[in-house]
Amino acid sequence: MLSYDYENALRVGEVSFEDINGVDFTSAYSRLMEKLDNGVVGFRDVIYNENLDEYKFFNGYKNVVVVGMGGSILGTMAIYYAVSAFKNNAYFIDNSDPEKTLSILNKIDLNDSIIYIVSKSGNTLETLVNYYLIKKKIGKLNSFKGKIVFITNDGKLKREAEKNNYEILSIPENVPGRFSVFTAVGLAPLYSLGTDISKILKGAREMDKLCRNEDILKNPALLNGVIHYLYDKKGRDISVIMSYIESLRYFGEWCKQLIGESLGKRGEGITPLLSIGAKDQHSLLQLYMDGKKDKIITFIVPKKYRLDEEIVFEDIDDKEVCCMLSDIIKCEQEATEIALTNNGIPNVKITIDEVNEEALGALMYMYEMQVGFMGELYNLNTYNQPAVEGEKKICWELIKKCDRYGSK
Ligand SMILES: O=P(O)(O)OC[C@H]1O[C@](O)(CO)[C@@H](O)[C@@H]1O
């Protein structure tokens with residue numbers, strides 16, 4: 001399912017096995033388990049939800065449109081682009097970029113679409129405006145035969161959904177947005193996208209068994225968390241997440257928010273930097289090899305690529321080589337790992353069998369637990385994001401000044 005190799009982070013670099021034993025990870029483990037057992041935070045409970053029928057809306061629409069920001073859409077995108085990368089029936093409206101949003105809405109038939117409006121607070125500006133834009137487009141249709149589902153708990157969007165009798169799904173209040181992929185937030189749209197949502201949860205539950213292990217060497221989430229915590233303390237506060245498959249690009253985007261928004265507090269936190277192999281060997285490997293010693297690399301690699309083919313080519317010595325396409329990218333990852341290790345750059349590797357629902361469930365749950373453990377190590381509130389509120393207040397004031405008809 002998933003294996004975690006950490007030797008290259010202890011054999012080279014500034015962190016030793018003794019350093020690990022010097023961290024009171026047992027207390028951090030206990031504090032997180034207590035929070036999970038007492039329901040202070042609920043991202044573990046939701047993976048044991050047996051009643052998935054409430055997420056299973058009619059999935060016979062040609063288009064699935066998801067509108068949301070941050071944790072309300074990134075988890076869905078991570079799994080969709082990983083598992084369904086070869087389909088093209090999903091449209092993610094995840095920004096306030098008019099070109100992107102209008103290029104989607106001007107192209108698709110909203111009558112043959114199921115539309116998810118996702119916002120836990122119900123007050124996120126971008127999601128609100130994008131909803132009103134869709135409402136405007138629907139208003140111009142003779143009749144709307146699509147379906148609109150709101151996934152929200154509160155705010156303006158909840159009131160709008162109730163006023164219009166739209167379908168409403170709720171999110172457990174004790175699950176922060178960036179931890180909500182295993183709730184209606186991810187599972188309802190992913191069901192409409194033809195993803196096997198029960199396999200996603202199966203993978204998460206398998207990983208949860210490992211994450212409950214107090215033996216750190218058998219608990220990948222705890223061990224990876226302690227290693228990254230220690231390297232941060234040694235000055236390596238940039239966590240490069242380098243996936244050797246394009247379909248994990250949005251998994252990286254989801255990780256970025258999970259790590260950055262959970263741990264970036266009180267002047268602390270590690271900085272996620274996303275890379276895709278093998279291509280970023282030709283853009284950032286120089287920096288990783290010979291730049292500031294402030295990075296630790298995490299490789300994420302599949303054992304098997306779902307599409308593969310034999311290739312025959314001549315190498316630079318004009319010698320014929322016959323191999324599989326996947327042999328090329330696997331050699332590139334191995335060569336990069338060896339080169340970085342030889343250069344004293346610490347690195348860890350997460351290997352999954354292949355990119356599928358179970359693997360994504362396991363991988364995403366591992367990172368949720370890792371961030372949970374790290375939040376306890378830093379002794380901070382992992383689950384809020386107070387620093388983002390200032391910008392929102394300023395933006396709402398500026399928006400009022402944009403009102404073209406002065407209806408203050
Ligand atoms: O789901 P909501 O309430 O629309 O919030 C969207 C995102 O905005 C944030 O609150 C940050 O502004 C994230 O934590 C959250 O995932």
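**Exercise 1. Work out where the ligand sits and what surrounds it.**

Step 1: the ligand sits in the largest pocket. "Sits in" means more than half of its atoms lie within 2 Å of the pocket's grid points. A pocket here is an open set of points on a 1 Å grid over the protein atoms alone, where a 1.4 Å probe fits, with protein on both sides within 12 Å along at least five of seven lines; lining residues have an atom within 4 Å of a point. Keep in mind that this is a predicted model, where local features need pLDDT of at least 70, side-chain atom pairs count only at pLDDT 80 or more, and totals for chains, interfaces and linings use all residues. Residues are numbered from 1 along each chain as its sequence is written, and side-chain values use heavy atoms, with hydrogens and water left out.

Step 2: there are 14 residues around the ligand, and Ser72, Ser119, Ser121, Thr124 and Glu261 come nearest (a heavy atom within 4 Å counts as near).

Step 3: sort that shell by type, and you get two nonpolar, eight polar and four charged residues.

**Exercise 2. Find polar side-chain partners for the ligand's oxygen atoms.**

Step 1: look for pairs of N or O atoms within 3.5 Å. Thr124 has a polar side-chain atom 2.5 Å from a ligand oxygen.

Step 2: Ser119 offers a side-chain N or O atom at 2.7 Å from a ligand oxygen, and for Gln257 the distance is 3.1 Å.

Step 3: now check burial. The ligand alone exposes 390 Å², of which the protein buries 87% (Shrake-Rupley areas, 1.4 Å probe).

**Exercise 3. Which annotated active-site residues line the largest pocket?**

Step 1: an unreviewed UniProt entry puts "active site" at Glu261, His282 and Lys392; such annotations may be inferred rather than shown by experiment.

Step 2: these residues cover 132 residues of sequence and are spread in space too, up to 37.7 Å between C-alpha atoms.

Step 3: among them, Glu261 and Lys392 belong to the lining of the largest pocket. Glu261 lies in helix α11 (helices are DSSP runs of H or I, at least four residues; strands are E runs of at least two).

**Exercise 4. Track down the backbone oddities.**

Step 1: recall that most residues other than glycine have a negative phi, and most peptide bonds are trans.

Step 2: Arg266, not a glycine, has a positive phi of about 55 degrees. Arg266 is in the loop between α11 (249-263) and β8.

Step 3: Gly277 and Ala278 are joined by a cis peptide bond, omega about 5 degrees. Ala278 falls in the loop between β8 (271-276) and α12 (285-290).

How values were computed:
Polar contact = N/O pair within 3.5 Å; in protein donor to acceptor, adjacent residues only side chain to side chain. Nonpolar A, V, L, I, M, F, W, Y, C, P; charged D, E, K, R; others polar.
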